[in-house]
Amino acid sequence: MILRKILLEGADALIMIANPLEGAVIVQNMANTSKPLPIVSHWGITGGDFFSENSKAIQKLDLSFFQTFSFFKNKNRVSQKLAQSYIQSYDKKDVIDIKAASGVAHAYDSVNILALALEQTGSAEHKAICREVQNIKVYDGAVKKYIYPFTSEQHDALDVEDFYMARYGSRGEIIEVENE
C-alpha cells in the first residue's frame, strides 16, 4: 500500500534503509510493479542470504547500495589474510560465501584497534581505554590503513572517501558502481 502510494505520487527513486528481511519485502514488491523505481539502499541489505533469496527480483531492478568494504574490491594483505582465515574457520569455499563481509571486516578492525588500546594502556578502565584509542596513530586493518582512526573530535574511523556505491554481481558479489 505504501509502495503503491509512492509510485502514484510520481517519485523518481526509492531511498531504502532496511535490513535483509524488510528489504526483501520492498524489493519483491517493487520488482512486481510495471515500472519499478531505482532503489538506493544502505548496506543493511547485504547481510544474511538477501541476494540468494531475492536474486530474481534484483535482476529486474536498478538496485544500488552504500558500501565500505568488499573482499572482491579490497585486496590488501590484512583483508586477504582475514578472508582466508574466515574461509578455513567456517568451512567456506570462497569469499563470496562470507555473509556480511563488511560487518566481518569492520568487526575485525574494531576489535583489533580496541585490543591495541588495551595493550598500550595496560588497563581495562573505560576512560583509560578511550584516551588510548585516541592515541593510536596508525593501524593497518582489513578495511583500510587507519591514520589516527579516533580523536577527541572524530569518533568514526571512516571518512566520506571510504564509502562507495555498489551493486550485486551475478553471483551475489558486491561490485563497486563506476561513475555513470
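## Close-up views of a predicted model

**Figure 1. Strand β6 and its partner β7.** Three bridges join β6 to strand β7 (residues 174-176), and the two strands run antiparallel. This view, like the others here, comes from a predicted model. To find the pairing yourself, start at Arg167, which stands opposite Ile175 in β7. The two strands form a hairpin with five residues between them. Look in the turn for Gly172, which has a positive phi of about 95 degrees.

**Figure 2. The two faces of β6, and its pairing with β3.** Which side chains of β6 point to the buried face? Follow the strand through residues 164-168 and you will see the side chains alternate. Tyr164, Ala166 and Tyr168 point to one face and are buried, while Met165 and Arg167 point to the other face and are not buried. Strand β3 (residues 63-67) also pairs with β6: three bridges join them, and they run antiparallel. Here a handy landmark is Gln67, which stands opposite Tyr164 in β6.

**Figure 3. Two nonpolar cores.** In soluble globular proteins, nonpolar side chains tend to be buried together. In this model the largest nonpolar core has 23 residues, and Phe71, Ile98 and Tyr146 touch the most other members. Helices α4 (77-89), α5 (101-121) and α6 (126-133) are the elements that give two or more residues to this core. A second, separate core has 22 residues, including Leu14, Ala24, Val27 and Phe65.

**Figure 4. Zooming in on Ile98.** Which residues does Ile98 touch, leaving out those up to four places away in sequence? Its contacts are Phe71, Ala83, Tyr86, Ile87 and Val104. Ile98 and Phe71 are both among the residues that touch the most other members of the largest core.

**Figure 5. Lys144 and Asp162, a buried pair.** Lys144 is found in the loop between β4 (138-140) and β5 (145-147). Is Lys144 buried or exposed? Its relative accessible area is 18%, so Lys144 falls under the 20% limit and counts as buried. Asp162 is buried too, with a relative accessible area of 18%. The side chains of the two residues are joined by a polar contact of 2.8 Å, and the pair also forms a salt bridge, with the closest N and O atoms 2.8 Å apart. Because Asp162 lies in the loop between β5 and β6 and Lys144 in the loop between β4 and β5, the pair ties together parts that are 18 residues apart in sequence. Besides Asp162, the residues that Lys144 touches include Asn76, Asp109, Tyr139 and Leu158, not counting residues up to four places away in sequence.

**Figure 6. Salt bridges between distant parts of the chain.** How many salt bridges does the model have? The count comes to five, and two of them are shown here. In one, the side chains of Asp49 and Lys99 meet at 3.3 Å, N to O. Asp49 sits in the loop between β2 (39-41) and α3 (50-59), and Lys99 in the loop between α4 and α5, 50 residues apart. Asp49 is partly exposed, at 36% relative accessibility, and Lys99 is partly exposed at 37%. In the other, Arg77 pairs with Asp140, and the closest N and O atoms are 3.7 Å apart. This pair links helix α4, home of Arg77, to strand β4, home of Asp140, across 63 residues. Arg77 is exposed at 58% relative accessibility, whereas Asp140 is partly exposed at 39%.

Terms used:
Residues are numbered from 1 along each chain as its sequence is written. This is a predicted model: local features need pLDDT of at least 70, side-chain atom pairs count only at pLDDT 80 or more; totals for chains, interfaces and linings use all residues. Side-chain values use heavy atoms; hydrogens and water are left out. A nonpolar core is a set of buried Ala, Val, Leu, Ile, Met, Phe, Trp, Tyr and Cys residues joined through side-chain atoms within 4.5 Å. Buried means under 20% relative accessible area, exposed over 50%, partly exposed in between (1.4 Å probe, protein chains only). Helices (H or I, at least four residues) and strands (E, at least two) are DSSP runs, numbered from the N terminus. Contact means heavy atoms within 4.5 Å. Two strands pair if DSSP finds at least two bridges between them. A polar contact is a pair of N or O atoms within 3.5 Å; within protein, one must be able to donate a hydrogen and the other to accept it, and residues adjacent in sequence count only if both atoms are side-chain atoms. A salt bridge is a side-chain nitrogen of Lys or Arg within 4 Å of a carboxyl oxygen of Asp or Glu.
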